[in-house]
Amino acid sequence: MANAWKIARKSSAQLPLVIVIALAVVLVLLGKANSGIFDQARMRITDWMAPALEAARSPVQGVGRWMGSITEIFSVYEHNLRLKEENARLRQWRNVAIVLQNRVDRYQALLHAVPDPKMNAVLARVIGRASRPFLQTMVLDAGKDDNARPGQAVMDARGMIGRIYLTGERTSWVILLTDLNSRIPVSIASSVNRGNAVQAIMTGDNTAMPTLAMVPGTVTLHAGDQVTSSGDGGLLPAGLPIGTVVADGAGWRVALLADPAASQDVEILNFSAPPEEMPPVAQLPAEAAGLKPHVPPPPQAAPAGITATAPRTLAVKPVAKPPAPAEPVDADGGVE
């Protein structure tokens with residue numbers, strides 16, 4: 001009797017465990033088969049929780065700002081002097097940039113160059129950070145209502161942070177450049193040799209500094225080389241600042257200019273490369289050189305009542321050679 005009671009207790013204790021395992025297997029299979037359903041559900045939840053996240057963000061940000069200001073109160077004067085020096089240098093570079101931009105505009109007008117595509121930016125705020133669906137993501141308070149679309153670049157005041165992965169009506173999910181699933185084409189400008197830029201792929205590995213892959217073996221990189229977006233593929237605009245090259249024992253890494261952990265206000269770049277159009281007649285090479293283009297004469301109309309026919313080729317007959325004159329003959333039948 002005691003053995004039967006033990007068997008009954010053991011079977012009743014194992015039954016819920018089997019049910020839990022079966023439900024877990026079913027949920028895993030459903031997640032693998034219908035990942036889009038979970039993404040849509042996640043976006044609906046974030047859209048619904050956006051006001052709560054934004055309301056909870058303000059006091060947390062205020063406390064963090066207050067705690068950070070305490071540590072900087074003793075270095076405000078020195079920091080102010082450094083800012084004044086940096087501001088003076090930036091004003092000099094601003095004047096140089098204005099002069100160079102005017103020169104570039106004049107050259108483009110002379111060469112009739114195709115202008116660069118324009119970009120519109122949408123200002124957004126970071127209202128949350130999560131480890132799903134990727135390991136390093138952030139949530140923004142801008143969505144489809146603000147013309148935010150998947151694939152667009154996300155920037156802060158210093159450089160590129162990542163790309164939009166998923167968008168809802170009022171929120172967007174951003175995959176950071178440091179995430180393991182991040183792959184973007186970059187261009188590396190050498191700080192030693194002012195030659196052609198090196199094209200490579202920057203891949204994240206869940207560390208603070210992404211790695212550089214697919215670098216040509218004949219190219220030598222140097223620490224401090226500038227890394228920007230190359231624009232290959234037409235998804236991201238070219239020239240977005242990303243970081244600098246740093247040496248690593250196993251290869252090369254990129255020290256990012258932006259800090260995603262400290263970013264609060266970001267910009268979403270709406271970039272679309274316009275299709276190349278044929279230049280108007282006034283911009284053709286002949287017109288640009290000051291020459292009049294050669295215009296073929298219009299075909300002459302045939303007179304009324306006469307049907308135009310194709311010209312016929314006249315056949316030339318060979319002329320027969322004239323016969324030689326006969327020699328005179330005398331009365332005796334001889335030839336003189």
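In the predicted model, D141 has a relative accessible area of 22% and is therefore partly exposed. The side chain of D141 is paired with that of R125 in a salt bridge, in which the closest N and O atoms are 3.3 Å apart. D141 belongs to the loop between strand 2 and strand 3, whereas R125 belongs to strand 1 (residues 119–130), so the pair ties together parts that are 16 residues apart in sequence. R125 is likewise assigned to the partly exposed class because its relative accessible area is 31%.

This salt bridge is one of four in the structure. Another is formed by D156 and R158, with a distance of 3.6 Å between the closest N and O atoms. D156 counts as buried because its relative accessibility is 12%, under the limit of 20%. R158, by contrast, has a relative accessible area of 43% and is therefore partly exposed. A further salt bridge joins the side chains of D248 and R253, at 2.9 Å from N to O. With a relative accessible area of 34%, D248 is partly exposed, while R253, at 18% relative accessibility, counts as buried. Through salt bridges that share partners, D248 and R253 are joined with D205 into one network.

A charged residue without such a partner is found in strand 4 (residues 160–167), where R163 is located. R163 is buried but takes part in no salt bridge, and the nearest side chain of opposite charge, that of D179, is 8.5 Å away. This separation lies outside the 4 Å limit applied to salt bridges. When neighbours within four places in sequence are set aside, the contacts of R163 are G151, Q152, W173, V174, I175, R183, I184 and L236.

The overall organisation of the protein was examined next. The protein comprises four helices and 12 strands. Of its 336 residues, 23% are buried. The accessible surface amounts to about 24500 Å², of which 62% is supplied by carbon and sulfur atoms. Among contacts with a separation of 6 or more, 59% are accounted for by residues 24 or more positions apart.

In soluble globular proteins, nonpolar side chains tend to be buried together. In this model, the largest nonpolar core contains 20 residues, and the members that touch the most others are M160, I184, V186, I188, M202, L212 and I242. Two or more residues of this core are given by each of strand 3 (153–155), strand 6 (183–189), strand 7 (198–203), strand 10 (241–247) and strand 11 (252–256). The surroundings of V186 illustrate how sequence segments meet here. Beyond its neighbours within four places in sequence, V186 is in contact with V198, Q199, A200, I201 and M202, and also with L212, V227, T228, S229, S230 and I242. Apart from the largest core lies another core, which has 14 residues, including A124, V174, V266 and I268. V174 of this other core is also among the contacts of R163, as is I184, a member of the largest core.

Nonpolar side chains also occur at the surface. L17, I21, V25 and L29 form a nonpolar patch there, and together these residues have about 390 Å² of accessible area. Within this patch, L29 is placed in helix 1 (residues 2–33). L29 counts as exposed because its relative accessibility of 57% is over the limit of 50%.

Backbone geometry was considered last. Most residues other than glycine have a negative phi. N147, which is not a glycine, has a positive phi near 65 degrees. N147 is situated in the loop between strand 2 (137–140) and strand 3, the loop that also holds D141. Its relative accessibility of 47% is the reason why N147 counts as partly exposed. A positive phi of about 65 degrees is also found at N206, again in a residue that is not a glycine. N206 lies in the loop between strand 7 and strand 8 (211–213). With a relative accessible area of 28%, N206 is partly exposed.

Conventions:
Residues numbered from 1 in each chain as written. Predicted model: local features only at pLDDT ≥ 70, side-chain atom pairs only at ≥ 80, totals over all residues. Heavy atoms only, no water. Patch = residues over 30% accessible without salt bridge, like charges linked within 9 Å, V, L, I, M, F, W, Y side chains within 5 Å. Areas by Shrake-Rupley, 256 points an atom, 1.4 Å probe, with all protein chains shown as cover. Buried < 20%, exposed > 50% of the residue type's maximum accessible area, 1.4 Å probe, protein only. Core = buried A, V, L, I, M, F, W, Y, C linked by side-chain atoms within 4.5 Å. Contact = heavy atoms within 4.5 Å. Lys, Arg positive; Asp, Glu negative; His and termini not counted.
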